[in-house]
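Visitor: I am new to this structure and would be grateful for a close look at a single part of it. Please take the time needed to describe that part in a connected way.

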Amino acid sequence: MTTDNMKKAAAVAALEWVEKDSIIGVGTGSTANHFIDALADWHSPVKGAVASSDATAARLKAADIEIYDLNSSGTLSLYVDGADEANPALHLIKGGGGALTREKIVAAASINFICIADASKKVDVLGGFPLPVEVIPMARSYVAREIVKLGGDPELRDQFTTDNGNVILDIHNMKITDPIQLESQINQLAGVVTCGLFAGRPADVLLLGKEDGTVERITA
Ligand code: 5RP
């Protein structure tokens, strides 16, 4: 099975959590796109969705799914999104697509967070994938120096601006043994909007599409 088909299998499996006529949160990336495609064909249509990025909003609109503003939707029953890495506690690295801040907001405002991914995303220790950090542009150099003090190698993401008008520093070479502590340390740096560690608010369920076509369900 291709990686893309594994992502698709995980995305389709997430439909089990979708309630008819609900407003749900939808993440960003190729796996989340498979989820949007599956939602569009689903026999229990949702009332609408809160999008975690402009790209997701455009795809939802194209699928005729109504977009809601998080400020008017209230608490969401469900958020479905992909990840770049997941550890056994369902702490995640996210933000490979640069949508980490809005993703973190929608995840925080949701009761259930179902993470969908192909099996390669499951790791024992986070940090093989460079950790994205969204930074206010004027703080870029300061935050990079502070990240070096924390033991990481920050790299400015080339030619990239987030939906919020900020830049991304990708932190290489960090073995993240305490994701909850590191998330709060990085988030406290002046100029950081948020980092791509989802540890304080991890996923509730991880659906992993596997080589053999099955989907493994992991709860923390
Ligand atoms: C975007 C994300 C994505 O969920 C993450 O990058 C995984 O992407 P994909 O589903 O394409 O593998 O965090 O900001």
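Guide: A search for disulfides across the whole structure, which is a predicted model, finds zero. A disulfide is a covalent bond that joins the sulfur atoms of two cysteines. Cysteine 115 forms no such bond because its sulfur lies 16 Å from the closest cysteine sulfur, that of cysteine 195, which is too far. For a disulfide, the two sulfur atoms would have to be within 2.5 Å. Cysteine 195, in turn, is in no disulfide, its nearest cysteine sulfur being that of cysteine 115, 16 Å away. As for exposure, cysteine 115 is buried, since its relative accessible area is 0%. Cysteine 195 is likewise buried, also with a relative accessible area of 0%.

The ligand and its surroundings may now be considered. The space that the ligand takes is the largest pocket. Around the ligand there are 17 residues, and those that come nearest are Ser30, Thr31, Asp84, Gly95 and Lys121. Sorted by class, this shell holds nine polar, six charged and two nonpolar residues.

Several contacts reach oxygen atoms of the ligand. Glutamate 103 contributes a polar side-chain atom, which lies 3.1 Å from a ligand oxygen. From glycine 82 the contact is made by a backbone N or O atom, at 3.4 Å from an oxygen atom of the ligand. Glycine 96 also places a backbone N or O atom by a ligand oxygen, here at 3.5 Å. Taken alone, the ligand would expose 380 Å², and the protein buries 91% of that area.

In summary, the predicted model shows zero disulfides, and the ligand occupies the space of the largest pocket, with 91% of its area buried by the protein.

Key: Residues numbered from 1 in each chain as written. Predicted model: local features only at pLDDT ≥ 70, side-chain atom pairs only at ≥ 80, totals over all residues. Heavy atoms only, no water. Near = heavy atom within 4 Å. Polar contact = N/O pair within 3.5 Å; in protein donor to acceptor, adjacent residues only side chain to side chain. Areas by Shrake-Rupley, 256 points an atom, 1.4 Å probe, with all protein chains shown as cover. 1 Å grid on protein atoms, 1.4 Å probe; cavity = no way out; pocket = protein on both sides within 12 Å on 5 of 7 lines; lining within 4 Å. Sits in = over half its atoms within 2 Å of the grid points. Nonpolar A, V, L, I, M, F, W, Y, C, P; charged D, E, K, R; others polar. Buried < 20%, exposed > 50% of the residue type's maximum accessible area, 1.4 Å probe, protein only.
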